[in-house]
Amino acid sequence: MKIAVVGAGIVGVSIAAELASRGAEVVLLDRNPAGSGTSSTSFAWVNSNNKHPDAYYELNLAGMHAHHKLAASDGEWFHPTGHVELAVDSEHRKELQQRLKRLASLGYITELPDVKQTIQLIPDLLLPGGESTTAFYPLEAHIDPVCYVEKRLEGAVSLGVTFLSPVEVQSLEPQDGGCLLGLDDGNSMLVDRVVSATGRWTNEIARLAGLPPFMLEFQGPGDPTMGYLAVTNPLPLSLSRVLTSPRLNVRPAPGGRLILQALDLDATAEVGRQPAADSSLAQEYIYRLREILGHTSGARIDEIQVARRAIPRDGLSIIGAPVDKPWLYLVATHSGVTLAPFLGERVAAEIFGNTEPLFDSFRPDRLLRPSKVATFAAPRRPGEQ
Ligand SMILES: Cc1cc2nc3c(=O)[nH]c(=O)nc-3n(C[C@H](O)[C@H](O)[C@H](O)COP(=O)(O)OP(=O)(O)OC[C@H]3O[C@@H](n4cnc5c(N)ncnc54)[C@H](O)[C@@H]3O)c2cc1C
């Protein structure tokens, strides 16, 4: 079976590698360098902490387990150090209690560390004076997405995958039960199946296939598709795990840097406006960082990334073939970091004929019925992403 996988982000490289390991002849195409799309600007927290409905929770849980399994053999990108959540205001503490109750009923592993244990988990944490609640999620993790893409692409190529870049797919024409892809270099390619792993550009592939849009498009500043990530200079502090709190989320990044995210500050994020590293926005990140972590007096922001989410119109994932286009398989999701290894394994299995029950709620055809689509609000509350 000859398969074209379009898009070499975290999702596409995973699928290409798994298809090749099952014996498919795979061509992976990207119009940009591998991993340079949304995968290069991600908070990269592997979790199923606040995922609704239950089917989406189960899917993300499978994603977490798949990361642990894959990393057991080769996982230098993977940091299975868990996540500490700090709730300081009464609204967050109440919401956290409800979330912990739901997670316990679902069997998700959570702990409630006391102050001493919390400081052991994050030695530089500055606990606030008043009442606070800390939760620890030991099976959650964070990854280095750039390293993940590099390693999985390397593995895919060693299994025989042909990687073509920069090459853009510009047309899709059903032919002989498969599809003829037209490329911007003037070449064309006949394949049995096309897998679109084009993330936030999935609407372009849908249009080429004669389908309506599946994804939210940028509408204006602070809409759900937009978010900032602030990258600090290397810092001499001890943080090995994800830390979330109402005003700031923090994760370690390569080279001793930190990635900072403040969901309320995302309200001004827009396409084409890049806040400077010495802007008032950057100063606000530093102010919030110093509120929560010690050894940060020398902190500065080296870059504010304006990141764009890949969000299907109902906020859930799209996984599968549209019913009247069996030659096409669409995969697009906002939880792409959490889901990548599971999607890789199970999408490849589906293409080889083994249906994955966890994908049942996420078939693309549900979005071809506009009346059924719920609106998706921008992530602003603790635990959202
Ligand atoms: C601020 C932010 C925080 C996030 N935090 C988390 C998190 O904590 N946990 C989590 O699980 N997820 C998180 N995500 C989401 C996650 O990062 C994405 O879901 C994931 O990176 C998407 O990967 P992808 O491979 O689907 O898409 P991409 O990485 O965007 O790759 C798509 C590729 O397709 C290529 N392409 C598109 N069209 C064509 C074409 N016609 N021809 C050739 N190539 C084409 C592009 O060049 C691109 O390289 C976050 C995202 C953002 C923005």
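**Group meeting: two sheets and a ligand**

Okay, let's start with one pair of residues: A87 has T133 in β6 as its bridge partner. Before I go on, keep in mind that what you have in front of you is a predicted model.

So, which strands does that bridge belong to? It's part of the pairing of β5, residues 83–87, with β6, and those two strands run antiparallel, joined by 5 bridges. In case sheets are new to you, strands in them pair through backbone hydrogen bonds, and the pairing can be parallel or antiparallel.

Now zoom out a bit. β5 and β6 sit in an open sheet of 7 strands, and if you read across it you get β6-β5-β14-β15-β16-β13-β17, with mixed pairing. Which strands are at the edges? That's β6, at 133–137, and β17, and each of them pairs on one side only. Going from one strand to the next, the twist averages 20°.

Two helices to look for here. Helix α3, residues 90–105, lies across β5 and β6, and it runs at about 35° to β6. Then there's helix α7, residues 280–292, which lies across a longer list of strands: β5, β13, β14, β15, β16 and β17. Relative to β17, α7 runs at about 105°.

Hang on to β17, since we meet it again at the ligand. The shell around the ligand takes at least two residues each from α1 (10–21), β17 (301–308) and α8 (336–351). Which of these elements gives the most? It's α8, with 3 residues.

How many residues surround the ligand altogether? There are 33, and the closest are D30, S39, S42, H334 and T338. If you sort the shell by class, you get 16 polar residues, 12 nonpolar ones and 5 charged ones.

Let me point out a few polar contacts you can click on. The side chain of N32 has an N or O atom 3.3 Å from an oxygen atom of the ligand. With A44 it's the backbone: a polar backbone atom there is 3.3 Å from a ligand oxygen. V337 also uses a polar backbone atom, again 3.3 Å from an oxygen of the ligand. And how much of the ligand is covered? On its own it has 1,000 Å² of accessible area, and the protein covers 99% of that.

Right, on to the other sheet. This one is open too, with 6 strands in the order β8-β2-β1-β12-β19-β18, and the pairing is mixed. Why do β8 (162–164) and β18 (318–320) count as edges? Each has a single partner strand, so one side of each is left without a neighbour in the sheet. Neighbouring strands here are turned by 20° against each other on average, if you ignore direction.

Take β18 as the example. Its partner is strand β19, residues 328–332; 3 bridges join them, and they run antiparallel. If you want one of those bridges to look at, G320 has L330 in β19 as its partner. Packed on this sheet is α8, the helix we just met at the ligand, touching β1, β12, β18 and β19. The direction of α8 makes about 165° with that of β19.

Next, a hairpin. Strand β9, residues 169–175, runs antiparallel to strand β10, residues 178–183, and 6 bridges join the two. One of the pairs is E173 with L180 in β10. Between β9 and β10 there are just 2 residues, and D176 in that turn has a positive phi of about 50°.

That brings me to the backbone oddities. For background, most residues other than glycine have a negative phi, and most peptide bonds are trans. D176 goes the other way on phi, with its positive value in a residue other than glycine. On the peptide side, where are the cis bonds I'd like you to see? One joins H52 and P53, with omega about -5°, and P53 lies in the loop between β3 (45–46) and α2 (54–73). Another joins S165 and P166, with omega about 0°. P166 is in the loop between β8 and β9.

That's my tour, thanks!

Definitions and conventions: Residues numbered from 1 in each chain as written. Predicted model: local features only at pLDDT ≥ 70, side-chain atom pairs only at ≥ 80, totals over all residues. Heavy atoms only, no water. Near = heavy atom within 4 Å. Polar contact = N/O pair within 3.5 Å; in protein donor to acceptor, adjacent residues only side chain to side chain. Areas by Shrake-Rupley, 256 points an atom, 1.4 Å probe, with all protein chains shown as cover. Helix = DSSP H or I, 4+ residues; strand = E, 2+ residues; numbered from the N terminus. Nonpolar A, V, L, I, M, F, W, Y, C, P; charged D, E, K, R; others polar. Pairing = 2+ DSSP bridges. Axes fitted to C-alpha atoms, helices over the stretch in contact; angles between N-to-C directions. Contact = heavy atoms within 4.5 Å.
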